[in-house]
Amino acid sequence: MTKQKKYILLISLAIVAGAIIAMVVGGCRALVCNATSYDGKEHAYYIYPDTPLDSVLAQVENDYRIHSALNLRMMARYMGLKNPQAGFYRFPARFSSRSLVNHLVHGWQTPVQLRFTNQIRNREQLAARLDKVLLLDSAQMMARLDSIAYLEQFGMQPQTAVCLFIPNTYEVYWTISVDDLFQRMYAEYRRFWNEERLTKAHELGLTPIQVATLASIVESETHRTVEHPMIASLYLNRLRKGMALQACPTAIFAGGDFTVHRVTGSLLNLDSPYNTYKYPGLPPGPIRLSNGAAMDAVLNAPKTDYLYMCANPDWSGTHVFSATYAQHQRVAEAYRRELNRRHIH
């Protein structure tokens with residue numbers, strides 16, 4: 001073999017070897033790893049509708065070293081990716097071109113945690129909370145919460161719609177629709193209201209909505225959960241006797257100013273169906289989202305003869321419970337003196 005032919009053979013072998021190496025490297029980047037995070041940790045991204053691929057890659061490149069942008073773009077072109085699916089995506093510390101593109105093409109999202117607390121007091125606050133954590137139309141949400149016809153399918157009315165949203169932490173997709181969210185919350189609501197709880201509510205002469213309404217009042221009276229069963233027992237006694245509940249939190253809810261610390265004449269006389277000083281029985285619906293523990297406190301309330309309660313004059317944050325009005329008056333007077341001494345109005 002001549003020297004010239006040897007050179008040609010070597011060059012050909014080098015080209016073939018280079019092509020094989022390029023194919024192997026390209027294949028590894030496409031299928032094994034084409035991106036490595038700078039800090040060795042996973043990173044998450046919210047991708048809004050109609051976000052172009054270039055914008056997504058620019059976000060990713062802030063946290064990851066992309067070994068071959070060409071490889072990524074070729075994979076995107078091969079899989080027909082133009083505009084990524086909107087969603088919340090969490091990527092590992094290392095990922096391949098195919099893995100990234102697959103997520104964006106098929107919308108393989110990571111669920112987000114949707115957390116409700118009993119600090120949400122009304123429909124407006126609920127819609128605002130959902131608007132902060134999910135990609136949904138808050139105006140659409142309010143329209144559903146205000147719609148008698150829409151809520152009828154869940155056995156709710158606008159005043160009771162918040163009963164569907166039992167405080168807890170749920171996993172949902174960031175892009176969940178308003179209607180799918182309602183269906184999910186209805187499924188959770190029905191899961192909570194199992195046969196055992198329904199039986200206990202029936203024995204108390206209450207519906208699940210009424211239990212949630214009473215629980216919302218109980219929760220509003222104190223943060224001390226140890227007192228919830230006693231407060232629930234007191235209000236159940238009042239309901240059985242046909243007495244007005246005279247619950248301060250309902251008057252505050254009727255007034256709409258949740259910063260009020262002392263309920264005085266103007267609130268006590270407010271003409272609202274939520275004001276249990278003015279109207280007997282339960283208000284039309286909950287005055288805050290009612291969590292499961294508070295509803296169980298109502299369902300499992302102990303048998304007592306208590307009809308009255310007052311904040312403890314020792315300022316311990318507890319309550320003094322009384323069976324007679326005379327007992328209650330003595331405690332209430334001592335508490336009023338303490339309020340005046342502390343200049344709380």
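## The largest pocket

Six elements each put at least two residues into the lining of the largest pocket: α10 (208-221), α11 (228-241), α12 (248-255), α13 (265-268), β8 (308-311) and α15 (325-341). Among these, α15 gives the most, with 7 residues. Keep in mind that this is a predicted model.

How many residues line the largest pocket, and which lie nearest its centre? The lining has 48 residues, and Glu221, Cys248, His261, Ala311 and Tyr335 are the ones nearest the centre. As for volume, the pocket comes in at about 1,600 Å³. Sorted by class, its lining splits into 25 nonpolar, 16 polar and 7 charged residues.

## Cysteines and disulfides

Looking for disulfides here? A search of the whole structure turns up 0 of them. Take Cys248, one of the residues nearest the centre of the largest pocket: Cys248 is in no disulfide, and the nearest cysteine sulfur, that of Cys310, sits 8.9 Å away. The cut-off for a disulfide is 2.5 Å between the sulfur atoms, so a pair has to be within that to count.

Is Cys248 buried, partly exposed or exposed? With a relative accessible area of 29%, Cys248 is partly exposed. Cys163, on the other hand, is buried, at a relative accessible area of 6%.

## A cavity beside Cys163

Cys163 also turns up in the lining of the largest cavity, along with Val162, Phe165, Ile166, Ala212, Pro286, Arg288, Leu289, Ser290 and Met295. The search of the whole structure finds 1 cavity of 30 Å³ or more, and the largest cavity holds about 50 Å³ of space. Its lining has 8 nonpolar residues, 1 polar and 1 charged.

## Helix α11

Back to α11, which is one of the elements that supply at least two residues to the lining of the largest pocket. This helix has 14 residues and spans 20 Å from its first C-alpha to its last, close to the 20 Å expected at 1.5 Å a residue. Just after α11 comes Gly242, with a positive phi of about 75°.

Which residues of α11 are buried? The list runs His228, Ile231, Ala232, Ser233, Leu234, Tyr235, Leu236, Asn237 and Arg238. And what covers them? The cover includes three helices, α9 (195-204), α10 and α14 (292-299), plus the strands β8 and β9 (319-322). Two of these names are familiar from the largest pocket, where α10 and β8 each supply at least two lining residues.

## Two buried residues, Thr51 and Tyr150

Thr51 sits in the loop between β2 (43-47) and α2 (53-61). Loop or not, Thr51 counts as buried, at 13% relative accessibility. Setting aside neighbours within four places in sequence, Thr51 is in contact with Val56, Asn83 and Pro84. Asn83 is 32 residues from Thr51 along the chain, yet their C-alpha atoms are separated by 6.3 Å.

Tyr150 belongs to helix α7 (residues 148-151). Is Tyr150 buried or exposed? Tyr150 is buried, because its relative accessible area is 15% and the cut-off for buried is under 20%. Beyond its neighbours within four places in sequence, Tyr150 is in contact with Arg144, Asp179 and Phe182. Ser99 is another story: Tyr150 and Ser99 are 51 residues apart in sequence and 40 Å apart in space, C-alpha to C-alpha.

How values were computed:
Residues numbered from 1 in each chain as written. Predicted model: local features only at pLDDT ≥ 70, side-chain atom pairs only at ≥ 80, totals over all residues. Heavy atoms only, no water. Buried < 20%, exposed > 50% of the residue type's maximum accessible area, 1.4 Å probe, protein only. 1 Å grid on protein atoms, 1.4 Å probe; cavity = no way out; pocket = protein on both sides within 12 Å on 5 of 7 lines; lining within 4 Å. Points joined across faces, edges and corners; volume = space filled by probe spheres on them. Helix = DSSP H or I, 4+ residues; strand = E, 2+ residues; numbered from the N terminus. Nonpolar A, V, L, I, M, F, W, Y, C, P; charged D, E, K, R; others polar. Contact = heavy atoms within 4.5 Å. Expected span 1.5 Å × (residues − 1).
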